[in-house]
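User: Could you take a close look at the cysteines in this structure and explain how they are paired or left unpaired? I am in my first year, so please go step by step.

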Amino acid sequence: MIKDFIKKFIPPFLLDFYHLGLAFLGAVIYRFPSRNLVVIGVTGTKGKSTVVDFCHRIFQAAGFKVASLSSIRFKINNKEKPNLLKMTMPGRFQIQKFFRQALNQGCQYMVLEVTSEGISQHRHEFIRFNAAVFTNLSAEHIERHGSFENYKKAKGKLFSVTKNIHIINVEDENAKYFLQFPARKKITYGLSQGDINNKNIKLQLQLPGEFNIYNALAAIGVGLSQGISLEICRKAIEKTAGIPGRMETVVEKPFKVIVDYAHIPDALEKVYQTLNNLTPEAYGLKPKLICVLGSAGGGRDKWKRPEMGKIAANYCDKIILTNEDPYDEEPFQILNQIEAGIVKAKSPVIKILDRKEAIKKAITLAEPGDTVIITGKGCEPWLMLAHGQKIPWDDRAIVREEFKKLKLGI
């Protein structure tokens with residue numbers, strides 16, 4: 001592949017110049033559209049897509065025309081299309097083209113996820129950011145960046161180029177680093193401290209999980225920074241019934257089947273904690289938590305695999321390990337590395353390489369009141385295999401298909 005050739009044979013400094021040159025060329029071709037938009041960049045390890053979605057809803061509720069770009073979808077006002085790129089932050093030309101389309105359709109605001117990989121490849125360059133949002137930081141993409149410190153510094157570059165407004169989760173242990181960057185205005189948020197906190201804003205969210213309270217407070221910070229009232233922000237967020245692939249309930253009864261994007265240890269643990277809190281004992285019986293999980297290949301964060309196994313063993317009554325974007329790694333090797341962290345499981349670990357069969361198995365094991373949680377892919381539209389091969393995929397569609405077969409006794 002051309003990309004592999006470029007990475008292998010072009011020196012790093014030339015590769016850096018190449019990416020920067022593409023960013024400038026994209027901005028020139030589409031006539032620097034961000035200069036006529038109020039651009040909000042959202043960065044962090046978790047919660048970016050949800051914050052972007054909340055912000056879109058807030059701006060619409062306030063009567064503004066808005067566009068947003070996330071790992072889930074491209075959206076201009078009420079029109080949207082799924083992000084099929086398997087890339088949270090698209091390439092330089094695609095970003096600038098989308099900005100131009102949004103501007104041509106009268107948008108005043110643009111909200112987008114900004115990733116460490118995107119920053120490393122200068123995809124954020126020649127975009128005029130009005131506000132930068134920091135959600136949280138935990139270990140991810142360590143192999144790609146060389147260290148956690150480098151990963152953090154990549155995220156920090158968004159704040160170094162954004163001079164107007166910074167919105168920061170003050171309760172994250174890395175908040176101090178992001179607070180050091182100068183800005184005209186800084187807004188902090190958290191559950192119990194910060195300029196915006198859950199003690200003085202009573203939210204009735206439809207989305208479960210403490211992490212979604214943080215996401216909501218971040219979006220409220222964005223809204224307030226743009227002069228939108230707290231009441232409009234609150235109502236827009238409270239109307240949100242769900243985000244695709246983020247703690248999305250696909251089957252409600254007689255047992256729950258939930259799909260979530262969690263693919264790093266910290267996110268996985270928060271999902272499991274939330275679900276345990278939502279499934280109290282009934283009639284003296286404790287419902288089971290049946291967990292389907294895997295880990296991406298391609299050399300991506302191998303360190304996390306046993307950690308995810310360890311977390312699953314702590315929370316899950318039944319564990320099914322399965323394929324999840326193996327790329328060119330040996331799939332069973334990935335499952336074995338996850339299993340290595342499972343010291344003491346509540347029942348024997350089941351390994352089913354075929355992800356569809358794994359989902360089917362989980363559904364057949366579920367009894368009334370149980371919860372099946374399928375993590376790792378959320379609403380991602382592809383399963384990534386060796387040699388660049390990818391096949392259309394949707395965990396949610398497979399759940400619906402297998403559940404229907406179960407009901408019909410097929």
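Analyst: A disulfide is counted here when two cysteine sulfur atoms lie within 2.5 Å of each other, and the model to which this cut-off is applied is a predicted one. A search of the whole structure finds one disulfide, and this bond joins Cys291 to Cys316, with an S to S distance of 2.1 Å. The torsion about the S-S bond of Cys291 and Cys316 is about -95°, and the disulfide is therefore left-handed. The pair links distant parts of the chain, since Cys291 belongs to strand β12 (residues 289–293), while Cys316 sits in the loop between α12 (304–315) and β13 (318–321), 25 residues apart. Both partners, Cys291 and Cys316, are buried.

We can now turn to cysteines outside this bond. Cys107 is in no disulfide, and the nearest cysteine sulfur, which belongs to Cys55, is 14 Å away. Cys107 is nevertheless buried, with a relative accessible area of 4%. For Cys379, the closest cysteine sulfur is again in Cys55, at 18 Å, and this is too far for a bond, because a disulfide needs the two sulfur atoms within 2.5 Å. Cys379 is buried as well, with a relative accessible area of 15%. Burial is therefore found both for the bonded cysteines Cys291 and Cys316 and for Cys107 and Cys379, where buried means a relative accessible area under 20%.

Methods: Residues numbered from 1 in each chain as written. Predicted model: local features only at pLDDT ≥ 70, side-chain atom pairs only at ≥ 80, totals over all residues. Heavy atoms only, no water. Helix = DSSP H or I, 4+ residues; strand = E, 2+ residues; numbered from the N terminus. Buried < 20%, exposed > 50% of the residue type's maximum accessible area, 1.4 Å probe, protein only.
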